[in-house]
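Me: Got a minute to go through this one with me? Let's begin with the sheet.
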Amino acid sequence: TYKWDDGEEQRIDINATTIDQEIDVPMGTHNITVVLVDVNEERTTKEEKVMGTTKPIINVETDDAGEYYLITITDEVSLQKVDLNIRGEARTITVEDGKKELKYKIKLNDNDENRLEITAYNVDGIASDTIRRTANKTNR
């Protein structure tokens, strides 16, 4: 069985010597208690503190005119920092406390590959997937 904090016990029936079971973790910091019972009714209890969180999400597009990267970064809890590399120039942006969404508009250079690499981190230290894009400015 397992239970979150002081919640109701959830039972998992096992008929093997090993188990690989996914358990949904609620958002925030919680205690999980797992009780294993063997065929001789002997119990082993393990309690652990876990953090339920999600990765920040990054969306990168170019505007209709093909002149800018339009970047939106979101997190369910709060963002902490963003590592951004545009055309080989790396910088880290520190996010003000409590911000859940950031938007950036970065101008694309003429005659350049405008390589972009971006990773966001939330206040729990969880990193987003690293997004890599290359765009050429549309000449009109």
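Reply: Sure. This is a predicted model. Three strands make an open sheet, ordered E1-E2-E3, with antiparallel pairing.

Me: Which strands are at the edges?
Reply: E1 (2-4) and E3. Each of them pairs on one side only.

Me: And what does the twist average?
Reply: 20° from one strand to the next.

Me: How many bridges join E2 to E3?
Reply: 10, and the two strands run antiparallel. Within that pairing, Thr33 sits opposite Glu47 of E3.

Me: What links those two?
Reply: E2 and E3 form a hairpin, with five residues between them. In the turn, Glu41 has a positive phi of about 65°.

Me: Over how many bridges do E1 and E2 pair?
Reply: Three, again in the antiparallel sense. Trp4 faces Ile32 in E2 there.

Me: How many residues of E3 are buried?
Reply: One among its 10 residues, with buried meaning under 20% relative accessible area. E3 is hardly covered.

Me: Switching to pockets. How much space lies in the largest one?
Reply: About 760 Å³. Strands E2 (28-37) and E3 (43-52) are the elements that each give two or more residues to its lining.

Me: Which gives the largest share?
Reply: E2, with four residues.

Me: Which residues lie nearest the centre of that pocket?
Reply: Ile12, Ile14, Val35, Leu36 and Val37, out of 23 lining residues.

Me: What's the lining like by class?
Reply: There are 11 nonpolar, five polar and seven charged residues.

How values were computed
Residues are numbered from 1 along each chain as its sequence is written. This is a predicted model: local features need pLDDT of at least 70, side-chain atom pairs count only at pLDDT 80 or more; totals for chains, interfaces and linings use all residues. Side-chain values use heavy atoms; hydrogens and water are left out. On a 1 Å grid over the protein atoms alone, a cavity is a set of points where a 1.4 Å probe fits but cannot get out, and a pocket is an open set with protein on both sides within 12 Å along at least five of seven lines; lining residues have an atom within 4 Å of a point. Grid points are joined across faces, edges and corners, and a volume is the space filled by probe spheres set on the points. Ala, Val, Leu, Ile, Met, Phe, Trp, Tyr, Cys and Pro count as nonpolar, Asp, Glu, Lys and Arg as charged, and the others, Gly among them, as polar. Buried means under 20% relative accessible area, exposed over 50%, partly exposed in between (1.4 Å probe, protein chains only). Two strands pair if DSSP finds at least two bridges between them. Axes are lines fitted to C-alpha atoms, for helices over the stretch in contact, and angles run from 0 to 180 degrees between N-to-C directions.
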